[in-house]
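Got your viewer open? Here's a walk through the model, one selection at a time.

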Amino acid sequence: MASPNPVFSARNDRLQYSLPVVISAIPIVGLTYAFLKDPAGESAGFRENPGLIVFIGFLLLVLGYFCYQMLDKREKLVVEPTGIWTSKYKRIDWEQVSSLAFQSATGRYGGTRLIIGLRASGRELRFDVSGLDRTPEEIRCALKAHSAGFDIAFPDEATEVAS
């Protein structure tokens with residue numbers, strides 16, 4: 001077997017945020033166009049409506065959040081020959097890991113999670129990989145390749161849970 005790449009990394013999947021950006025931008029663009037193209041001032045009462053101002057503010061916050069997520073280039077998961085780094089749990093050495101598994105969650109907050117079992121404490125760390133630009137299978141291959149010299153269990157099947 002060939003030696004694995006020194007670093008495997010995953011970032012946010014930018015395409016998953018493009019549709020929410022477009023959907024949240026459409027009303028903002030439409031309302032802005034209506035306000036700018038109102039020569040007779042017929043929408044003056046509409047402009048002073050506090051509910052509309054709150055609604056536009058909310059849409060701007062939503063648009064800002066999705067734009068931030070879409071443009072975020074930071075790494076969320078890094079797999080190296082010495083261990084794993086996640087944006088949530090930071091650095092975890094291979095010596096600390098007892099098992100690695102993927103769990104498909106159904107229900108309200110579906111997705112796929114990487115479950116990292118720790119040796120010393122017996123704790124399980126859960127890291128959501130569903131929004132990353134790498135598939136769970138690519139991540140599994142990188143984990144297996146980089147942890148080859150360590151005694152780490154890989155359960156074969158993902159488990160389904162209702163959350």
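**First stop: the inward side of α1**

Select Y17, V21, S24, I28 and L31: these are the buried residues of α1. Keep in mind as you go that this is a predicted model.

Now show the whole helix, residues 15–36. How far apart should the ends of its 22 residues be? At 1.5 Å a residue, α1 should span 32 Å, and the end C-alpha atoms are 31 Å apart, so the two values agree. Next, click on A25, where α1 bends by about 25°. Look a little further along and you'll find a proline, P27, within four residues of that bend.

**Next: bring in α3**

Add residues 50–71, which form helix α3. Two packed helices are described by the angle between their axes and the distance between the axes. Here, α1 and α3 pack at about 145°, with their axes 9 Å apart. The crossing of the two is left-handed.

Turn on side chains to see who meets whom. From α1, the contacting residues include Y17, V21, S24, I28 and L31, which you've already picked out as buried. A25 and P27 take part in the contact as well. On the α3 side, look for L52, I56, L59, L60 and F66, among others.

**Then: the sheet**

Hide the helices and colour the strands. You're after an open sheet of 4 strands, in the order β1-β2-β3-β4, with antiparallel pairing. Which strands stand at the edges? They are β1 (8–11) and β4 (90–93); each has a single partner strand, so one side of each is left without a neighbour in the sheet. From one strand to the next, the twist averages 10°.

Zoom in on β1 and β2 (residues 75–80), joined by 4 bridges. Select S9 and you'll find its bridge partner, V78, in β2. Now bring back helix α4, residues 136–146, which packs on the sheet and touches β1, β2 and β3 (83–86). The direction of α4 makes about 35° with that of β2.

Over at the other edge, 4 bridges also join β3 to β4. Pick G83 and look across to D93, its bridge partner in β4. Follow the chain between these two strands: a hairpin joins them through 3 residues.

**Last: zoom out**

Show everything. The protein has 4 helices and 8 strands, and buried residues make up 31% of its 163 residues. Of the contacts with a separation of 6 or more, 58% come from residues 24 or more positions apart.

Methods. Residues numbered from 1 in each chain as written. Predicted model: local features only at pLDDT ≥ 70, side-chain atom pairs only at ≥ 80, totals over all residues. Heavy atoms only, no water. Expected span 1.5 Å × (residues − 1). Bend = angle between axes of the 7 residues up to and from the residue. Buried < 20%, exposed > 50% of the residue type's maximum accessible area, 1.4 Å probe, protein only. Pairing = 2+ DSSP bridges. Axes fitted to C-alpha atoms, helices over the stretch in contact; angles between N-to-C directions. Contact = heavy atoms within 4.5 Å. Left-handed = near helix turned anticlockwise from the far one by under 90°.
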